[in-house]
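Morning, everyone. I'll put the model up and walk through a few pieces of it, so have a look while I talk.

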Amino acid sequence: MRRFLWFTVISGMTTLLSAQPPAMTLTIPGFPDGGQIPVKFSQAAPGAAPGEGTSPAMSWANVPAGTQSLFLHFHDLDLARNKTTDDQAHWVLWNLPATLTGLPEGVPKGLQLPDGSYQISATGPMYRGPGAAASGPFHHYVFELYALDTKLDVKPAADAFETRANVMKAIQGHILGKAVYTGLFRRPAAPAAK
């Protein structure tokens, strides 16, 4: 009888666990999760304007049912801005359509993109590539993708940090799912003078 009872309990738990929808995932084919971000996607890339860079292509899957918009937050965990808990805002991209399954490499500059989404960074209305100094340790950069049950009524402020704070406040109580992807970066050391 005990064996039957344990089998029934385990069977029921397995059914419950298998009924859960798969977790939302974020993938960046340009580098492995937790690996080094290539210079190509950084401020140190040849030809990159100061504070800019080329955004990596990315894709996501298993967006929860009921998602109305997506919010992508890319930031440097190791930078304490102005001696506060604020870290560096490398890319705040919100009101992405729920139907999107990814972004191409090199998202163009502009406060509002053709799909109606908005973007901003510490540099301006664009992706800001990683830029940790060559003389220090690798910095930890995080891409966080949020699935939201609403479209945000947030317009860009003049400052990326104020905008990010407004977006973060607006998403509270609306998050259906989240996916995270990380990378490490520091600028390559300059070649020694001959």
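How many bridges join β4 to β5, and do they run parallel or antiparallel? There are eight bridges between β4 and β5, and the two strands are antiparallel. Quick housekeeping: this is a predicted model, where local features need pLDDT of at least 70 and side-chain atom pairs count only at pLDDT 80 or more, while totals for chains, interfaces and linings use all residues. Residues are numbered from 1 along each chain as its sequence is written, and side-chain values use heavy atoms, with hydrogens and water left out.

By strand I mean a DSSP run of E, at least two residues, and by helix a run of H or I, at least four, numbered from the N terminus. Strands pair if DSSP finds at least two bridges between them.

Back to β5. Serine 69 sits opposite proline 97 in β5. β5 also pairs with β7, again antiparallel, over three bridges, and there leucine 93 has glutamine 119 as its bridge partner. Nine of the ten residues in β5 are buried, meaning under 20% relative accessible area with a 1.4 Å probe, protein chains only.

Now, the nonpolar core. That's a set of buried Ala, Val, Leu, Ile, Met, Phe, Trp, Tyr and Cys residues joined through side-chain atoms within 4.5 Å. The largest one has 26 residues, and among those touching the most other members are Trp60, Trp91 and Phe143. β3, β4, β5, β8 and β9 each give two or more residues to this core, and β8 gives the most, with four. Apart from it there's another core, of 14 residues, including Trp94 and Phe161.

Next, the small stuff: an open sheet of three strands, in the order β1-β3-β6, with antiparallel pairing. β1 and β6 stand at the edges with a single partner strand each, so one side of each has no neighbour in the sheet. In the β3 to β6 pairing, methionine 58 has leucine 103 as its bridge partner.

Last stop, helix α2, residues 160-171. Its buried residues are Ala160, Phe161, Thr163, Arg164, Val167 and Ile171. They cover an arc of only 155° around the axis (taken from the directions from the helix axis to the C-beta atoms), which means they're on the same side of α2. Aspartate 159 caps the N-terminal end, with a side-chain oxygen 2.9 Å from the backbone nitrogen of phenylalanine 161. After α2 comes glycine 173, with a positive phi near 80°.

Conventions: Buried < 20%, exposed > 50% of the residue type's maximum accessible area, 1.4 Å probe, protein only. Expected span 1.5 Å × (residues − 1). Polar contact = N/O pair within 3.5 Å; in protein donor to acceptor, adjacent residues only side chain to side chain.
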